[in-house]
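Work through the two exercises below with the structure in view. Try each task before reading its solution.

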Amino acid sequence: MDDRYIAFDVETPNYANDRISAIGISVIEAGQVTSDFYTLVNPEAHFDPFNIQLTGITPEMVADKPTFPELWENIEPILDSGLLIAHNAPFDMGV
């Protein structure tokens with residue numbers, strides 16, 4: 001049985017839920033968190049007031065952050081290295 005899990009969570013800037021404004025990733029091995037990664041992401045999209053209130057993330061906070069394509073090269077190996085888990089997996093995987 002695989003004992004490496006990759007827990008992740010994303011935040012979105014608007015109702016479309018097709019862009020992310022933040023991502024957090026934790027690697028769990030043998031029941032212990034072995035590494036954490038978090039970054040804000042420039043979604044290259046508008047922010048809805050609801051999402052700003054929900055997440056606390058504003059357009060100004062992400063203006064100089066990497067876009068998801070720029071970030072993907074660094075996080076793909078982490079996400080591919082174990083079983084993915086998420087609290088609201090259908091939402092997070094959909095984004």
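The exercises concern a predicted model and take up a pocket and then a single residue.

**Exercise 1.** Describe the largest pocket: how much space lies in it, and which residues and elements line it?

Solution.

Step 1. Start with the volume: the largest pocket holds about 320 Å³ of space.

Step 2. Turn to the lining, which is made up of 19 residues. The closest to the pocket centre are Val10, Ile20, Phe68, Trp72 and Val95.

Step 3. Assign the lining to elements. At least two residues each come from strand E1 (4-11), helix H3 (68-79) and helix H4 (89-94). H3 supplies the largest share, with 4 residues.

Step 4. Sort the lining of the largest pocket by residue class: 13 residues are nonpolar, 2 are polar and 4 are charged.

**Exercise 2.** Place Glu29 in the structure, decide whether Glu29 is buried, partly exposed or exposed, and list its contacts.

Solution.

Step 1. Locate the residue: Glu29 belongs to strand E2, which covers residues 22-29.

Step 2. Classify its exposure. The relative accessible area of Glu29 is 31%. Buried requires under 20% and exposed requires over 50%, so Glu29 counts as partly exposed.

Step 3. Look for contacts beyond the neighbours within four places in sequence: Glu29 touches Asp3, Arg4 and Thr34. With Thr34 there is a polar contact between the two side chains, at 3.0 Å.

Step 4. Check a distance across the model. Glu29 and Thr67 are 38 residues apart along the chain, and 29 Å separates their C-alpha atoms.

Note on methods: Residues are numbered from 1 along each chain as its sequence is written. This is a predicted model: local features need pLDDT of at least 70, side-chain atom pairs count only at pLDDT 80 or more; totals for chains, interfaces and linings use all residues. Side-chain values use heavy atoms; hydrogens and water are left out. On a 1 Å grid over the protein atoms alone, a cavity is a set of points where a 1.4 Å probe fits but cannot get out, and a pocket is an open set with protein on both sides within 12 Å along at least five of seven lines; lining residues have an atom within 4 Å of a point. Grid points are joined across faces, edges and corners, and a volume is the space filled by probe spheres set on the points. Ala, Val, Leu, Ile, Met, Phe, Trp, Tyr, Cys and Pro count as nonpolar, Asp, Glu, Lys and Arg as charged, and the others, Gly among them, as polar. Buried means under 20% relative accessible area, exposed over 50%, partly exposed in between (1.4 Å probe, protein chains only). Contact means heavy atoms within 4.5 Å. A polar contact is a pair of N or O atoms within 3.5 Å; within protein, one must be able to donate a hydrogen and the other to accept it, and residues adjacent in sequence count only if both atoms are side-chain atoms.
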